[in-house]
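Trainee: I would like to go through this structure with you step by step. May I put my questions in turn?

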Amino acid sequence: MSDPARDEHGQAIGDNRGLKPLAILFDIDGTLIDSGGAGATSWRWAFDDLYGVPADIGAYTDAGMTDPEVGRLTFANVVGHEPSERELDAIMAKRLEYLSRAVEESKGYRVLDGVEELLPRLTEQGYLLGLTTGGVEAAAHIKLARADLNRYFTFGGYGSDSTDRTELTKTAIVRAGTILGSTLDPRRALVVGDTPLDISAAHGAGAVGVGVASGHYDKKELEAAGADYVLGSLREALPGIAEPVR
Ligand SMILES: [Mg+2]
């Protein structure tokens, strides 16, 4: 029956009521865009090129995992042993080499609902926008380039910063503080993503976890994962931010 733990401001930890968001961090796949499977295609081509096996990453990995984890797990399953450092380097590089073409040629590539209206509006309203993605930094920018979305994101945390999604989310929040000129209270960061891994990473970093049911999981699943807020799509208003997109 003890009171919840409190921080130095006397506010219950995990309680961001009364704090206005300042930075908004977006996952990429299933949140901003659907690449139409371009990510998986690039891995398939890379494994086929180097090992003669058109590997299906979906058979070995879950949505929301970081690229280094995807590379390592898929490698171990299709090649039959843990990759050496050089083997992992080679498959990661080959995959990145193929990604631009896979994105370029993807028939199913699309920007998800509400994104093209939301990003310029948030920028205009003075929010700092960043990325939190399991993709390595270059992969993130390749995926967003086709829709010309890179220009909205000043900073990010990437799969090349950590194989652990919580850690790369913390990194993104530190980088937000670098840009703002002072440490960002993580409770003033919204982390927007389409998987339970985005939500657990948000909470692990002390931020607000906003689930958006536009990717791999529905609203109920994101609620069950502990999301602080769940949206059907990015057409709906983000918590603490005025004016829903019409
Ligand atoms: Mg995602």
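Mentor: Please do, and keep in mind that this is a predicted model. A convenient place to begin is A139, which sits in helix α5.

Trainee: Is A139 buried or exposed?

Mentor: The decision rests on the count of C-beta neighbours, and a residue is buried if 20 or more other C-beta atoms lie within 10 Å of its own. A139 has 25 C-beta neighbours inside 10 Å, so its class is buried.

Trainee: Which residues does A139 touch, not counting residues up to four places away in sequence?

Mentor: Y229 can serve as a point of reference: its C-alpha lies 28 Å from that of A139, with the two positions 90 residues apart in sequence. The contacts of A139 itself, once residues up to four places away in sequence are set aside, are D67, L96 and L99.

Trainee: How far apart do the C-alpha centres of domain 1 and domain 2 lie?

Mentor: The domain assignment gives domain 1 as 23-35 + 110-231 and domain 2 as 38-105. Taking the C-alpha centres of domain 1 and domain 2, the separation is 23 Å.

Trainee: Which element gives the largest share of the side of domain 1 that touches domain 2?

Mentor: The contact takes 19 residues from domain 1 and 14 residues from domain 2. On the side of domain 1, the elements that give two or more residues are α5 (137-145) and α7 (196-204). The largest share, 4 residues, belongs to α5.

Trainee: How many nonpolar, polar and charged residues has that side of domain 1?

Mentor: The division is by residue class, for the side of domain 1 that touches domain 2. The numbers are 5 nonpolar, 9 polar and 5 charged residues.

Trainee: Where is D148 found, and is D148 buried or exposed?

Mentor: D148 has a positive phi of about 55° although it is not a glycine. Its place is the loop between α5 and β5 (155-157). Because D148 has 10 C-beta neighbours inside 10 Å, its class is exposed.

Trainee: Which residues of β6 lie on one side of the strand and which on the other?

Mentor: Strand β6 comprises residues 189-193, and 5 of its 5 residues are buried. Both faces are therefore covered, as a residue is buried if 20 or more other C-beta atoms lie within 10 Å of its own. One side carries A189, V191 and G193, and the other carries L190 and V192.

Trainee: Which residue of β6 stands opposite L25?

Mentor: Strand β1 (residues 23-26) and β6 run parallel and are joined by 4 bridges. Within this pairing, A23 has A189 as its bridge partner. The residue of β6 that stands opposite L25 is V191.

Trainee: Which residue of β4 stands opposite I24?

Mentor: β1 is also joined in parallel to strand β4 (residues 128-132), over 4 bridges. Both faces of β1 are covered, with A23 and L25 buried on one side and I24 and F26 buried on the other. Opposite I24 in β4 stands L129.

Trainee: What is the hand of the crossover from β6 to β7?

Mentor: β6 pairs with strand β7 (residues 208-212) in the parallel sense over 4 bridges. In this pairing V191 stands opposite G209. The chain passes from β6 through α7 to β7, and this β-α-β crossover is right-handed.

Trainee: Which members of the largest nonpolar core touch the most other members?

Mentor: This core has 52 residues, and it draws at least three residues from each of domain 1 and domain 2. The members that touch the most others are L25, A189, L190, V191 and V210.

Trainee: Which residues is V210 in contact with, leaving aside its neighbours within four places in sequence?

Mentor: Some of these contacts are residues of β6, whose two sides include V191 on one and L190 and V192 on the other. With sequence neighbours within four places left aside, V210 is in contact with L190, V191, V192, A227, D228, Y229, L231, L238 and P239.

Trainee: Which residues does Y51 touch, not counting residues up to four places away in sequence?

Mentor: Y51 lies in helix α1 (residues 38-51) and is partly exposed because 15 other C-beta atoms lie within 10 Å. The C-alpha of R95, 44 residues away in sequence, is 13 Å from that of Y51. Beyond four places in sequence, the residues touched by Y51 are V78 and V79.

Note on methods: Residues numbered from 1 in each chain as written. Predicted model: local features only at pLDDT ≥ 70, side-chain atom pairs only at ≥ 80, totals over all residues. Domains from an automatic or database assignment. Contact = placed C-beta atoms within 7 Å. Nonpolar A, V, L, I, M, F, W, Y, C, P; charged D, E, K, R; others polar. Buried ≥ 20, exposed ≤ 12 C-beta atoms within 10 Å, placed from the backbone. Pairing = 2+ DSSP bridges. Right-handed = clockwise from strand over helix to strand, strands pointing away. Core = buried A, V, L, I, M, F, W, Y, C linked by C-beta atoms within 7 Å.
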